[in-house]
Amino acid sequence: MFADIAGFTAWSSEREPSQVFQLLESLFCDFDAEARSMKVFKIETIGDCYVAVTGLPDPSPFHAVTMAKFAQRCLVRFSQLTKELELSLGPGTADLGIRIGLHSGPVTAGVLRGEKARFQLFGDTMNTASRMESTSIKNMIQVTSDTAALLKKSGKGNILIAREGLIKAKGKGYLQTFWLRPKAISSASSTSNFHHSIAAKSSSYTKFSLSREPNVSWSDTGLVDTKQGHQEGLSRLIKWNTKVLESILTKVVIQRNEKMKKSIFQSPKKSNKYDESTRFHEEIAQAVDMPRFNREAMSSTCLMPPKEKVNLIPPKARGELRAYVASIASMYRNVHFHSFEHAAHVTMSAQKLINKVVLRNSQEFSGIAVKELVKKSEEADLFFSTYGISADPLAQFAVVFAALVHDVDHTGVPNVQLITENTILAEKYKNKSVAENNSIQVAWSELLKPEFSNLCKCIFGTDDDELRFRQLLINVVIATDIADRERRAGEGVRWEKEWQNKSDDELPEIDVSLKATVVLEQIVLASDVAHTMQHWLTYVKWNERLYKEMWAAYSSGRAEKDPTENWYRGEIGFFDGYIIPLATKLKECGVFGTAGDEYLGNALRNKTEWIEKGEAIVEEFEAKIKMRHPNGDRGPITTSEIGSSTLSTGSTRSS
């Protein structure tokens, strides 16, 4: 048996190395336990591929049946585990799939001597099993005619369905293969529906197909109800976002408690009042004040053993945090791109970059005895080299909070259209950063409601904390209006002033608050378009979603031009004019470690691949739309009508 994780490479590009290992260890350790209980022999794991065998080293006449049952168990356990892991590994984890291939035949087995000697299998049977996996479909088990014959001989022919048509396997030519039905499907009618669904998926791809793999969901295999699955997915996203915010808020509480122990003066918290007619873009600060270096507060934040961090947030505040995230999720509209799912993706990217800043030069603070971990000089170096961000959990919390709420209540049309339509919001905000101003207003007003008073007390220890948090929120959310050329030009001047043509001796003399503010803004800017700087499939996925959103606006008369007309060239211009310069900044500022090289490298590769494949991809986007509108009419189009796609993408250039 060969089992490979579908979507793993793209998923990994969005995560930190520790999360990749957590996924693989969790899945493969569970598979190992299943293998031991069924006397299946695990051969090895190759990256994200799991290889196992039965009938070796102990012969068994029922090896095909045993392996078929093992494959079915792995399929079910994979679905269960990825849903559970999504709570800790973030959005998209439950969307991963697994392709499984089985073949039966003779092998050469033994221990190949030399360094790292281990038991290995060789021969054509291994190659054929590998081909069964690579030509299989996400969340399906494909078996050869040889394995199928053994299953039929053992009275298990009822679990087989012949795959329509022959498959072409490298080095094998054309083969007749079979699907191994999941246990959840048993009746004749469900078998018929299953067969029809697979056949439809397998034949639905046009010549411009972005992937050779049809998208077979768990609903196709009878394991999950689609509507229920969607609600469960939303619940997992809410829980995951809550967990991310809670982990940073815990550090805020730790640092505040440390200040109280050291009798650091804090002015009493009062109830601030805000004008609801505020135009937030007029409140942008050149620099947000950052705390001065404080060794004790920094050490308490970074070095507190994990067990001591548990339950430091009052229960009422924790409950209110969960309720607030759920409330924000409910206020995201049902649009293709600027959705709660997009907000979760931005949050995940912001958290990754924040962690790169916090853990820079610190050997990641884990796995080393506290006494030997950080010398005083290293603490100071870490503080100043990260412009105080590493020692400022409130700023970290503000950035991730901003990522969560930055597109709340987005209508699915760009600011220029809101201004053209002369909406109430456009008038209120004087035609400046309309959507961004509105998102801040919605999120901030919700946070200040009485039902979230305990949460606010937990976030804001003082009036200064509240004002600084609010200022950071305004700065980073307004910064996501990348269509505002005047603001972007000013940002470019500020960046050049802070980073260009500075010697190493001059850098420490620059105001840390100004540099910190710029870096925090860059984190959210980069996270907002992180898909363009991640794996190619992640980029295409979100690019299609943005295309759908823009086409939906066009079809409903809220945009003058069909987005198809300039989509291909527009993406190239977007890479050249915004994405690559932004990725270059991440690398130049020097606080993100290897992430700067990673983001820039992915951006350059995605641009190159888009130049090569983009025209065909846009044709496929358009073909999918026209399947719903064969007469070319511009009638309204909805999210449910277009549906989701495994290969959906986008940029917020139209924010």
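In this predicted model, the largest cavity is lined by Val408, Asp409, His410, Thr411, Val413, Leu418, Leu425, Ala435, Asn438 and Ser439. Its volume comes to about 60 Å³, and a search of the whole structure returns two cavities of 30 Å³ or more. Rolling a probe the size of a water molecule over the atoms is what reveals empty space of this kind. By character, the lining of the largest cavity splits into five nonpolar, four polar and one charged residue. Helix α16, spanning residues 434-447, is the element that gives the most to this lining, with three residues.

Strand β4 (residues 97-102) offers a good place to turn next, with six of its six residues buried. In a regular strand the side chains alternate between the two faces of the sheet. Here, Gly97, Arg99 and Gly101 point one way from β4, while Ile98, Ile100 and Leu102 point the other way, and all are buried. Two further strands pair with β4. Strand β1 (residues 2-6) runs antiparallel to β4 and is joined to it by five bridges, with Ala3 standing opposite Ile100 of β4. Strand β7 (residues 140-144), by contrast, runs parallel to β4 and is connected through four bridges; in this pairing Leu102 faces Val143 of β7.

A hairpin is formed by strands β2 and β3, with two residues between the strands. Strand β2 covers residues 41-46 and strand β3 residues 49-53; the two run antiparallel and are held in register by five bridges. Among the paired positions, Thr45 has Tyr50 in β3 as its bridge partner. Within this hairpin, Gly47 adopts a positive phi near 65°.

Helix α3 (residues 63-89) contains Glu86, a residue worth a closer look. Is Glu86 buried or exposed? Glu86 counts as buried because its relative accessible area is 4%, against a cut-off of under 20%. Beyond residues up to four places away in sequence, Glu86 touches Pro91, Gly92, Thr93, Ala94, Arg236 and Trp240. One of these neighbours, Thr93, also places its backbone nitrogen 3.4 Å from a polar atom of the Glu86 side chain. The picture at this site is thus of a buried glutamate whose side chain has a polar atom 3.4 Å from the backbone nitrogen of Thr93, with Arg236 and Trp240 included among its contacts.

Terms used
Residues numbered from 1 in each chain as written. Predicted model: local features only at pLDDT ≥ 70, side-chain atom pairs only at ≥ 80, totals over all residues. Heavy atoms only, no water. Buried < 20%, exposed > 50% of the residue type's maximum accessible area, 1.4 Å probe, protein only. Polar contact = N/O pair within 3.5 Å; in protein donor to acceptor, adjacent residues only side chain to side chain. Contact = heavy atoms within 4.5 Å. 1 Å grid on protein atoms, 1.4 Å probe; cavity = no way out; pocket = protein on both sides within 12 Å on 5 of 7 lines; lining within 4 Å. Points joined across faces, edges and corners; volume = space filled by probe spheres on them. Nonpolar A, V, L, I, M, F, W, Y, C, P; charged D, E, K, R; others polar. Pairing = 2+ DSSP bridges.
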